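Student: Could you take me slowly through a single part of this structure, explaining each term as you go?

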Amino acid sequence: MTLDINTPRGQNSLAYERECVQLFCKIHPDYRFLETDKREPAAVDGFFYLHRNQSVESIVEIKTRDMTQEQLVCGYGNEWLITHEKILRGKRVSELIRSPFVGMLYLIPDKLILTIRITDKRGKFLLDFDVRKTRTSASINGGETVGENAFIPMEKAKEHKWTTKQNA
């Protein structure tokens, strides 16, 4: 089975995912990231931990989108579409290792990272979201699929952006 991540488009997406993590760690220098093996399908993308105590702070699912924050708000009702299955997997990992599950959305043109806590450390959902059967792209490489998708409201998401003040 060939993973989508092994295609040119998949590798490009992975590069943006890693750019997102590097930028987040630059903004929050106490954090480090442990990535799951990209050669195999994984339940989540990785884990953030604090350098000083070496324990998991959050379980993370990262998505990169070639859209601005204005496009997210105006064109998509400020909702992040993610497969419901990914949300359920992150919730399960949260329950098992007792760490919050966080969604991380990287808006590439703005170099803006939005984070939102999806579960608490016991795997209990912290927000309401709609689940609807919709037609979407099957993968980064195109095609179509119909499936259960979660629509995560992003109005309470935390914004992380590198500023010139931080760069000084």
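Tutor: Here is a close look at one helix and the residues that belong to it. This is a predicted model, in which local features need pLDDT of at least 70 and side-chain atom pairs count only at pLDDT 80 or more, while totals for chains, interfaces and linings use all residues. Residues are numbered from 1 along each chain as its sequence is written, and side-chain values use heavy atoms, with hydrogens and water left out.

Helix α3 covers residues 84-97, where helices are DSSP runs of H or I with at least four residues, numbered from the N terminus. The expected span of a helix is 1.5 Å times one less than its number of residues, so the 14 residues of α3 should span 20 Å, and its end C-alpha atoms are indeed 20 Å apart.

Buried means under 20% relative accessible area, exposed over 50%, and partly exposed in between, with a 1.4 Å probe and protein chains only. In α3, the buried residues include His-84, Ile-87, Gly-90 and Val-93. Lys-91 counts as buried because its relative accessibility is 19%, whereas Glu-95, at 25%, counts as partly exposed.

Glu-95 and Lys-91 also form a salt bridge, their closest N and O atoms being 2.6 Å apart; the term stands for a side-chain nitrogen of Lys or Arg within 4 Å of a carboxyl oxygen of Asp or Glu. Both residues lie in α3, 4 residues apart, which is about one turn of the helix. An α-helix has 3.6 residues a turn, so residues three or four places apart point the same way. Just after α3, Arg-98 takes a positive phi of about 55 degrees.

Methods. Helix = DSSP H or I, 4+ residues; strand = E, 2+ residues; numbered from the N terminus.
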